[in-house]
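Me: I would be grateful for a close look at a single part of this chain. Please set that part in the context of the whole.

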Amino acid sequence: MHRLSRLTKPCQRAFRPLWIADPVASPAIHSSKQSSTQYSSASPEIIDDHHDMQRPPVTTFTEDEEMVRDAARLWANDVLKPVVREMDNDSKTNPEIIQGLFENGFMGMEIPDEFDGSGMNFTSAVLVVEELSRVDPSVSIMVDIHNTLTNNAVRFWGSDALKSKWLPRLATDCVSSFALSEAGSGTDAFAMKTTATPSPDGSYYTLNGEKLWISNSREAGVFLVFANANPSLKHKGITAFMVDANSEGVHVGKPEKKLGLRASSTCPVVFDNVKVDAADVLGEVGLGYKYCINILNEGRIGIAAQQIGVSCVLCIVLLIMESYLTFYHRHYKIAKGCFDIAMPYLNDRKSFGTKLADFQGMEHQYAQIATEIHAAEVMTYNACRMKENGLPFVKEASMVKLFASQVAEKAASKSIEWLGGVGFTQDLLAEKFFRDCKVGSIYEGTSNIQLQTIAKRIKDEYQ
């Protein structure tokens, strides 16, 4: 059993938000045997009567979720943090770090116990991404893609055979990669040219094509590949396949040299006459485009959590400095990561005999950033709860992905300004967070695409 499972098993309980009378069943909810739910709050009082419990804030978590968050934070600080700069310089994630992600259960967050997963909920997975992002977004993106895209796609639409074949490995030792983008189909994802030609007897498909900018590709043991099985039907021919990375004809190219997220591998992947058994089709033939749209909506919440993590490296330290709430020292993450670096400096450095943090001009700046980070957090956790309860969350996912990426860029930029000359050097990780956060407005749907999605939903609401 994974370390994460061992931590949560004694107190694991089904998550059912008490402020919703009749939550809609969702495939992302993995319930456990006990039914009692407790929330942490500023008050020490524990409310056991479900009927009397008032609506809790979305920034409060169940006991299980807190334990997961704390476990991720502890591992990130003790194990991951010491090697962040080394991995960034080498443009490679250490194998020991990947092994640690599996051993701690972070790679199988929502995979049920029966498949050796951690059996947690979506919010728990998002909290892990947030905590890892606070230390190294390059590692958090591996966890995010693996959990919110591949793992969930197999859980939602995989056959029983595919689940039995892949879920145990995805939870314990096999990194996955989401192979969608191509040279001519980035934002216009369904213009893909990769084909999947069925055999005469329908027993297998032959994949041909090249995917670009594929994250996790160097470490991947399996690819979730989208290819067109019937180009005459255009996007309605797109089909999803689980392709073993060791299959003959699968070639992973040289990693891209990137501005940020350097330890995360991003490579072209060529499929040259790759034979894929019909049993490895994920879901139904021709429905790949629907699966892709649905799963990317979840992924956007994960990206928002990553961006919050980066921003938070600033915000926690603000709260430490002001000694407001020690709880938030454990809670606040790319945006949060920046605060963690910049605020101690502002509190220690003096100019004209006054701490930089005490100048009113500075107070207004970090107060504004902290407020925006908190707003992004609330939006993220609200989208998580909507998703877990089977409520429509497409608009909210796009909103938080858009907003969190903007906040992360602003927080990262400001932190470098606040740090002055040292912020422009590699002595601190501020410059790394600045580089890492830029892609937040690009991958898993550009900011313009998010705006289009939001606008469309708003127009639908008023028609």
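Reply: The answer below begins with the whole chain and then turns to one helix, its cysteine and a loop residue elsewhere.

The model is predicted. Its secondary structure comes to 14 helices and 10 strands. Of the 463 residues in the chain, 56% are buried. The accessible surface of the chain is about 19,500 Å², and carbon and sulfur atoms account for 53% of that area.

The part chosen for the close look is helix H13, which spans residues 430-437. This helix is mostly covered, with seven of its eight residues buried. The buried residues of H13 include the charged-type names Glu-431, Lys-432, Arg-435 and Asp-436, and Ala-430, Phe-433 and Cys-437 are buried in H13 as well.

Cys-437 deserves separate mention. Its relative accessibility is 2%, and Cys-437 therefore counts as buried, the cut-off being under 20%. Another cysteine, Cys-174, is also buried, with a relative accessible area of 1%. A disulfide is a covalent bond between the sulfur atoms of two cysteines. By the distance rule applied here, a pair of cysteine sulfur atoms within 2.5 Å, the count of disulfides in the model is zero.

A loop residue may be set beside the helix. Asn-389 is found in the loop between helix H11 (360-388) and helix H12 (394-419). Asn-389 is buried, because its relative accessible area is 1%, under the 20% cut-off. A polar atom of the Asn-389 side chain lies 2.8 Å from the backbone oxygen of Arg-385.

Conventions
Residues numbered from 1 in each chain as written. Predicted model: local features only at pLDDT ≥ 70, side-chain atom pairs only at ≥ 80, totals over all residues. Heavy atoms only, no water. Helix = DSSP H or I, 4+ residues; strand = E, 2+ residues; numbered from the N terminus. Buried < 20%, exposed > 50% of the residue type's maximum accessible area, 1.4 Å probe, protein only. Areas by Shrake-Rupley, 256 points an atom, 1.4 Å probe, with all protein chains shown as cover. Polar contact = N/O pair within 3.5 Å; in protein donor to acceptor, adjacent residues only side chain to side chain.
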